[in-house]
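The exercises below are meant to be worked with the sequence and the coordinates side by side. Each opens with a task, and a stepwise solution follows.

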Amino acid sequence: MITLTINNHPHALDVPPDMPVLWVLRDVLGYTGTKYGCGIGQCGACTVHLDGQAVRSCQLPAGTVGDSRITTIEAAAGIPAAARLQKAWLDHEVVQCGYCQPGQIMQAASLLTETPQPTDAQIDAAMSGNICRCGTYVRIRAAIHDAASA
Amino acid sequence: MSAMPPDTTPPCASAKTSPDAVTIVPHHAPARRDVLRAGLLAGGGLLLGFTLPLGRMRPARADLSADTFVPPSAFIRITPDAITLIMPDTEFGQGIWTSASMQIAEELHVRLDQVRLEPAPPDARLYAPDGAEQATGGSYSTIGDWGRLREAGARARTMLIQAAAKRWGVDPASCQAEAGVVHHAASGRSAAYGALAEDAGRLPVPAHVTLKQPSEWTLIGRRQPRLDTPAKVAGTATFGIDVAVPGMKVGTVAASPVRGGSLLGIDEAAARAVPGVRDVVRLPDAVAIIGDHFWAARQGLQAAKPRWDDGPNAGADTATILAALGEASARPGAIARNDNDAPAKITAAHTRVDATYVLPFLSHAPMEPINTTLHVRPDGADLWVGTQVPVRAQAAVARAAGLRPDQVRVHNQLMGGAFGRRLDVDSIEQAAAIAKHLAYPVKLVWTREEDITHDLFRPAYHDLLSAGLDEHGRITGWQHKTTGSSVTARWDPSDMKGELDPDAVEAAAKTPYDLPAVHVSYVRCEPQGVPTAWWRGVGPTHNVFVVESFMDECAAAAGQDPVAFRRTMLQRNPRALAVLDLAAAKSGWGSKLPKGHGRGVSLQYAFSSFLAHVLEVEVTSGGDIRLHRATVAIDCGQRVNPDTVTAQIEGGLIFGLSTALYSTITHAHGRVEQSNFDSYRMMRIGEAPRIEVFQVESSENPGGVGETGTAASAAALGNAIFAATGKRLRTLPFGLGAMQSA
């Protein structure tokens, strides 16, 4: 048995220790807001927070999490920076297909928590691991600035 | 239609010259039965704006359910507690569910926060625009919806007002409808649509309705927030890959790495030894492992170590395929346009310009990998999938599972990108062939590696261009021959014009320019072992690159400024001239740039819209290409949701620029050499240029938008690189060492 604390709730799970948290979230617990995009840490669609830091859940074996807290997009509204980002995302009409956006928002929330007023270069550096195939990058940048100044 | 390329297609060498305030309820499709019945009963009456006289043919009251259309319409269902709009187009990021809702709501007189949205079931008689196929693609949704959706709204509103007037014994003209309520001002009475719907459904459908004048619009042409985004931002939107149904298990698939190969064997015991693995299903060319979750299935597939017979395409490789395209391009092509003997004009010209352009195979790689959820039973099936072609998806399941199409219920889902990939149903047919062996619902998810290596690719093309210039630098003749696979011949052979694939010459046979002599032709050449498919921007993505790059070469040969050179050929095309002038002015065309920078221009008429693009790039001393600023002017006729127009151009440009810089699918020993985002690279946020989009006010009918930006990308990029460096790049992609070797 592995116990994971997800969105402040403990879950006792009968899963293999090498199973990535991504699949525990999606296929065992039904937290499908966290997305599968590549499985190799190249796209960022699976981004969640581990103790407040953005991590790729496809590269995070369940057995290595221990007592650390996992937060997913479903609980993002409880993170002040993420809540501001979600509002900015709507104000700027960032979203197209939307599949990558939970990962984008979780990554950006981690950035704003550490760097409340990021420059364009800091945004680009922090967000470069998150692919948006619809090409919403221009609006993502604008929305992050907006959330930072909110 | 065949999901896969017909086996009879000759290889190239032997081929002849032929060729949430809003509730979105994607799981819910209860309307299907009623829609089907209405369609069957209504017959020719369908043409009246697709509003169906179901009311007069309704069964006894006891048969009524909450799902019944009241008043009847293929696009609108009003029940006592909900106003539901049925979306004829599928949503994969282009914003069409909002734009379609705006068109209906404008005439129905409801607010967008009052409606629920639901995907249309497969029924081409009701939902195919203009009698074509029920497919979302080709930037056609708004073009096809304009008229039919507003009429549907107006008919329903008219019937609701008539029902209220009849109930109150007043003249309908004395009643008004607003925000889903009919009012009679003189008596102070009012009734909500939901309370009137049943009465309205018993009234005859009006034969004619008068649509609002543009000056009366309150929604169309004004920025509206997208209806699908709150759930997407909250992480609660359900995409196909998120579907969960009771008793469902999760599987993953490996198909033969070489097209046409077959499964020789697997280590089934090893696969079944993986904890959580439940079933193994073999197909002639694939194996599926089913488990409690994706991780078990994927681990099981790795343990299974499938062995393959590579089959007849084991030798397919890119160099051979591209060489075959080049050889085939020497053959005479099917004529798309032949005005005034262009070859002779070129031969006689003062100056002659010739060039060859080569375009690679491309993968779609939408962020949501291919997936299908199916429950196949002896007497029917349920399909949960995001598809651009619900009728084909239904037929594919029926075919593979041995059912009739009407036994297959389609629950269409939001898509995490499509870009043409979900216009094909190969993966759905494969899923049905697997699921029919299973007694429970199964979600089959392809790995990203399977998604890219088993994509159906955008064709590679080999284009020959020639032009003649007179002593003043004016074009006297223009000749363009394109050679490549025909997507049309596989996907919808009825659209072929004899040997000519209209898609292969779209935006080549007809350009914005007034040219004195034009010859455009097409040579069909099918690559061995590489099926080809629609890809964002279709023909124009290919041809705007070629035509606009070569137009730049002609301007250079004439010693003229690229914008000025184009302007001389646009005097009879004022809409094209206007967007070119607007983009040039807004971009600061002609103003000085830093060393190493250059601007490139591209102009197009595609998807019934006019678009000009100026891109400023920098080429560093090390050969890196940096994108600084994109300026776009578009005239797409009447706009429905202007911000969606801008968003689609921004995204389309980045999609196209990413592709022009990095994307190529290559084959070696029959196998695709790219498999994930490490080897099939995507533009990242730091590489994206600033983008400004300027929209021309227009009252012309709407043109398409979703693919225009992608089509406009590569030529402006190549032309900007030329302006910056003097080097002309004619082979895509540009960014993989092309500058160093140019």
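**Exercise 1.** How many bridges join strand 23 of chain B to strand 24 of chain B, and do these strands run parallel or antiparallel?

*Solution.* The model is a predicted one. Begin with the two strands themselves: strand 23 covers residues 609-619 of chain B and strand 24 covers residues 625-635, and they run antiparallel, joined by 10 bridges. As a check on the register, locate Glu616(B), whose bridge partner in strand 24 of chain B is Arg629(B).

Next, place this pair in its sheet, which is an open one of four strands in the order 22-23-24-27 (chain B), with mixed pairing. Strand 22 (597-606) and strand 27 (690-695) of chain B each have a single partner strand, so one side of each is left without a neighbour in the sheet. Neighbouring strands of this sheet are turned by 15 degrees against each other on average, direction ignored.

**Exercise 2.** Determine which strands of this sheet helix 19 of chain B touches, and then describe how helix 19 of chain B meets helix 21 of chain B.

*Solution.* Helix 19 of chain B packs on the sheet through strand 24 and strand 27 of chain B, and its direction makes about 135 degrees with that of strand 27 of chain B. Turning to helix 21 (residues 713-725) of chain B, one finds that its axis and that of helix 19 of chain B come within 8 Å and cross at roughly 55 degrees. The angle lies between the ranges for roughly parallel (under 35 degrees) and roughly perpendicular (65 to 115), and the two helices of chain B, 19 and 21, are therefore oblique to each other. Their crossing is right-handed.

For the residues involved, look at Leu653(B), Gly656(B), Leu657(B) and Ala660(B) in helix 19 of chain B, which meet Ser713(B), Ala714(B) and Leu717(B) in helix 21 of chain B. By class, the residues of this contact comprise five nonpolar, two polar and no charged.

**Exercise 3.** Which helix of chain B gives the most to the side of chain B that touches chain A?

*Solution.* Start from the whole interface, where 47 residues of chain B are in contact with 45 residues of chain A. Helix 7 (229-234), helix 9 (294-304) and helix 19 (642-662) of chain B each supply at least two residues of the side of chain B that touches chain A. With seven residues, helix 19 of chain B gives the most. The residues on that side of chain B divide into 27 nonpolar, 11 polar and nine charged.

**Exercise 4.** Trace the chain from strand 15 of chain B to strand 17 of chain B, and state the sense of each pairing.

*Solution.* Strand 15 (residues 371-377) of chain B pairs with strand 16 (residues 380-385) of chain B in the antiparallel sense over five bridges, and a hairpin joins these strands through two residues. Within this pair, Thr373(B) stands opposite Trp384(B).

Strand 16 of chain B also runs parallel to strand 17 (residues 408-412) of chain B, to which five bridges join it; here the bridge partner of Asp382(B) is Arg409(B). The last step is the connection: together with helix 12 (residues 390-401) of chain B, strand 16 and strand 17 of chain B make a right-handed β-α-β unit.

Methods: Residues are numbered from 1 along each chain as its sequence is written. Chains are lettered from A and ligands numbered from 1 in the order in which they are written. This is a predicted model: local features need pLDDT of at least 70, side-chain atom pairs count only at pLDDT 80 or more; totals for chains, interfaces and linings use all residues. Two residues are in contact if their C-beta atoms, placed from the backbone, lie within 7 Å. Ala, Val, Leu, Ile, Met, Phe, Trp, Tyr, Cys and Pro count as nonpolar, Asp, Glu, Lys and Arg as charged, and the others, Gly among them, as polar. Axes are lines fitted to C-alpha atoms, for helices over the stretch in contact, and angles run from 0 to 180 degrees between N-to-C directions. Angles under 35 degrees count as roughly parallel, over 145 as roughly antiparallel, 65 to 115 as roughly perpendicular and the rest as oblique. A crossing is left-handed if the near helix is turned anticlockwise from the far one by less than a right angle, and right-handed if clockwise. Two strands pair if DSSP finds at least two bridges between them. A crossover is right-handed if, with the strands pointing away from the viewer, the path from the first strand over the helix to the second runs clockwise.
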